[in-house]
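Here is a walk through one protein model. Keep the structure open and follow along, starting from a charged residue.

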Amino acid sequence: MMSSALSTMIASLVLDLLVTGIVVRAVYYRVYLHRDYVFTYLLLNLVTFSLAVLLSSVPIELGFALGLFGVFGILRYRTEAIQVRDLTYLFVVIGIALLNALASGVSLVELLVLNGAIVAMVSILEIAPFSGREETRRILYDRLHLLGPDSSAVLLADLRARTHLPVERVEVGNVDLLRDSAQITVFYRARKSS
């Protein structure tokens with residue numbers, strides 16, 4: 001027969017994985033289609049939940065607990081820059097794990113309401129008309145004469161024609177005069193997913 005503490009931990013784990021699965025698979029993946037981040041978010045959530053459960057039995061100071069959250073929160077992958085929305089989802093899955101792992105003294109109904117509120121807010125913010133997701137692409141651009149401020153309209157028209165993207169704005173990065181090219185980042189509105 002299972003002990004009360006073990007059954008509570010298993011119920012919290014099931015709730016945590018269910019809520020994280022909804023946020024990551026039903027909302028995030030449906031909108032962004034980044035399979036690698038689904039893997040990362042689910043495993044990071046599970047590891048955070050496990051650490052929080054194990055550390056909850058050890059008496060620690062609030063500052064240490066917040067520091068642990070901060071270490072996970074500022075996690076950066078050195079291979080590529082993480083977008084702001086992806087970083088936000090990272091905070092959400094860590095928060096869900098901590099909420100469900102450390103919710104001692106909270107009733108199941110309260111926990112369900114809090115988890116439901118998180119899922120509802122993420123869903124509403126993703127489908128709201130004001131959420132206007134902006135995507136970026138880095139491009140090696142070869143027409144340096146169009147990078148001046150007086151030819152921005154021509155630059156945007158050229159980028160739209162050559163990339164077939166609805167480019168709205170551009171940021172110029174490194175300019176290589178020897179190769180007659182520049183690294184630029186184009187910004188465009190994300191298309192609505194079906």
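Arg-179 is exposed, with a relative accessible area of 66%. Here buried means under 20% relative accessible area, exposed means over 50%, and partly exposed lies in between (1.4 Å probe, protein chains only). Arg-179 forms a salt bridge with Asp-176, with 3.0 Å between the closest N and O atoms. A salt bridge needs a side-chain nitrogen of Lys or Arg within 4 Å of a carboxyl oxygen of Asp or Glu. Asp-176 is partly exposed, at 25% relative accessible area.

A word on conventions. This is a predicted model, in which local features need pLDDT of at least 70 and side-chain atom pairs count only at pLDDT 80 or more, while totals for chains, interfaces and linings use all residues. Residues are numbered from 1 along each chain as its sequence is written, and side-chain values use heavy atoms, leaving out hydrogens and water.

Back to the charges. Side chains of opposite charge can pair when their charged atoms come close. By the rule above, the count is 5 salt bridges. Asp-142, Arg-143, Asp-158 and Arg-162 are joined into one network by salt bridges that share partners. Within this network, Asp-158 and Arg-162 meet at 3.3 Å, N to O. Both lie in helix H6, 4 residues apart, about one turn of the helix. Asp-158 counts as buried at 11% relative accessibility. Arg-162 is partly exposed at 40%.

Now zoom out to the fold. The protein has 6 helices and 3 strands. These are DSSP runs numbered from the N terminus: helices are H or I with at least four residues, strands are E with at least two. From the N terminus on, the order is α-α-α-α-α-β-α-β-β. Of the 194 residues, 33% are buried. Contact means heavy atoms within 4.5 Å. Among contacts with a separation of 6 or more, 61% are between residues 24 or more positions apart. The protein exposes about 12600 Å², and carbon and sulfur atoms supply 66% of that area. Accessible areas come from the Shrake-Rupley method with a 1.4 Å probe; for residues, only the protein chains shown count as cover.

Next, the interior. In soluble globular proteins, nonpolar side chains tend to be buried together. A nonpolar core is a set of buried Ala, Val, Leu, Ile, Met, Phe, Trp, Tyr and Cys residues joined through side-chain atoms within 4.5 Å. The largest one has 23 residues, and Val-23, Tyr-28, Tyr-41, Tyr-89 and Val-122 touch the most other members. Helices H1 (4–32), H2 (35–56), H4 (84–101) and H5 (108–127) each give two or more residues to this core. H1 supplies the largest share, 9 residues. A second, separate core has 14 residues, including Tyr-141, Leu-146, Leu-147 and Leu-159.

Which residues does Val-23 touch, not counting those up to four places away in sequence? They are Tyr-28, Tyr-89, Val-92, Ile-96, Val-119 and Val-122. Tyr-41 sits in helix H2. Tyr-41 is buried, at 1% relative accessible area. With the sequence neighbors up to four places away left out, Tyr-41 touches Val-24, Tyr-28, Asp-86, Leu-87, Tyr-89, Leu-90 and Val-93. The C-alpha atoms of Tyr-41 and Leu-90 are 6.4 Å apart, though 49 residues separate the two along the chain.

H2 also has an outward-facing story. Leu-17, Phe-39, Leu-43 and Leu-46 make a nonpolar surface patch of about 360 Å². Patches use residues with over 30% relative accessible area and no salt bridge; like charges are joined within 9 Å, and nonpolar side chains (Val, Leu, Ile, Met, Phe, Trp, Tyr) within 5 Å. H2 gives the most to this patch, with 3 residues. Leu-43, in H2, is partly exposed at 41%.

Finish at the strands. S2 (167–176) follows helix H6 (152–163), with His-164 in the loop between them. S2 and S3 pair in the antiparallel sense over 7 bridges. Two strands pair if DSSP finds at least two bridges between them. Arg-169 stands opposite Phe-187 in S3. Arg-169 also forms a salt bridge with Glu-171, the closest N and O atoms being 3.6 Å apart. Arg-169 is partly exposed at 35%, and Glu-171 is partly exposed at 42%.

Last, the backbone. Most residues other than glycine have a negative phi. His-164 has a positive phi near 60° and is exposed, at 62% relative accessible area. In the hairpin of S2 and S3, with 4 residues between the strands, Asp-180 takes a positive phi near 55°. Asp-180 is partly exposed, at 43%.
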